[in-house]
Amino acid sequence: MTRYPDEQLSPRMLAQKLDLFRRADANAQNTRSEISKTRTRLHELENALVTLDNEITEAAEFCEAYFLRHGRMD
């Protein structure tokens with residue numbers, strides 16, 4: 001049932017394993033938090049890219065209309 005011999009099943013070993021568990025759990029929480037922040041930043045960057053794409057398209061359309069009407073930059 002258990003893979004630990006009786007001499008290892010001590011309060012000290014329990015404390016060490018609980019400490020190890022707590023540190024691993026804290027690291028996992030930090031990792032999840034960093035992933036969440038990264039996802040949020042990615043969405044912000046995607047939104048900024050869409051905005052820039054729209055601005056580029058609008059500027060190109062304006063330039064096209066301007067040059068079709070005026071033929072040159074004056």
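Reader: How many helices and strands does the protein chain have?

Author: This is a predicted model, so read every feature as part of a prediction. Secondary structure comes down to helices and strands. Here the protein chain has one helix and zero strands.

Reader: Is the chain spread out or a compact globule?

Author: Compare the radius of gyration with what a globule rule gives. For 74 residues the rule gives 11 Å, but the protein chain has 30 Å. That is well over the rule, so the chain is more spread out than a compact globule.

Reader: What does the C-alpha trace span along its principal axes?

Author: Read the three spans together. The trace covers about 90 × 20 × 10 Å.

Reader: What share of the 74 residues is buried?

Author: Buried means under 20% relative accessible area. In the protein chain, buried residues make up 0% of the 74.

Reader: How much accessible surface does the protein chain have, and what part belongs to carbon and sulfur atoms?

Author: The accessible surface comes to about 7,300 Å². Carbon and sulfur atoms hold 58% of it.

Reader: How far apart are the mean positions of the positive and negative charges?

Author: Take the mean position for each sign, then the distance between the two. The protein chain has 11 positive and 13 negative charges, and their mean positions lie 12 Å apart.

Reader: How many salt bridges does a search of the whole structure find?

Author: Look for a side-chain nitrogen of Lys or Arg within 4 Å of a carboxyl oxygen of Asp or Glu. The search finds three such salt bridges.

Reader: Which side chain does Arg23 meet in a salt bridge?

Author: Its partner is Asp19, at 3.1 Å from N to O. Both sit in helix 1, which covers residues 11-70. They are four residues apart, so about one helical turn separates them. Arg23 is partly exposed at 47% relative accessibility. Asp19 is also partly exposed, at 34%.

Reader: And Lys37: is it buried or exposed?

Author: Lys37 is exposed, because its relative accessible area is 52% and the cut-off for exposed is over 50%. The side chain of Lys37 meets Glu34 in a salt bridge of 3.6 Å, N to O. These two are three residues apart in helix 1, about one helical turn. Glu34 is partly exposed, at 45%.

Reader: Which residue forms a salt bridge with Arg41?

Author: Glu44 does. The closest N and O atoms are 3.5 Å apart. Arg41 and Glu44 are three residues apart in helix 1, again about one helical turn. Arg41 has a relative accessible area of 46% and is partly exposed. Glu44 counts as partly exposed at 43%.

Conventions: Residues numbered from 1 in each chain as written. Predicted model: local features only at pLDDT ≥ 70, side-chain atom pairs only at ≥ 80, totals over all residues. Heavy atoms only, no water. Rg over C-alpha atoms; globule rule 2.2 N^0.38 Å. Buried < 20%, exposed > 50% of the residue type's maximum accessible area, 1.4 Å probe, protein only. Areas by Shrake-Rupley, 256 points an atom, 1.4 Å probe, with all protein chains shown as cover. Lys, Arg positive; Asp, Glu negative; His and termini not counted. Charge placed at Lys NZ, Arg CZ, Asp CG, Glu CD.
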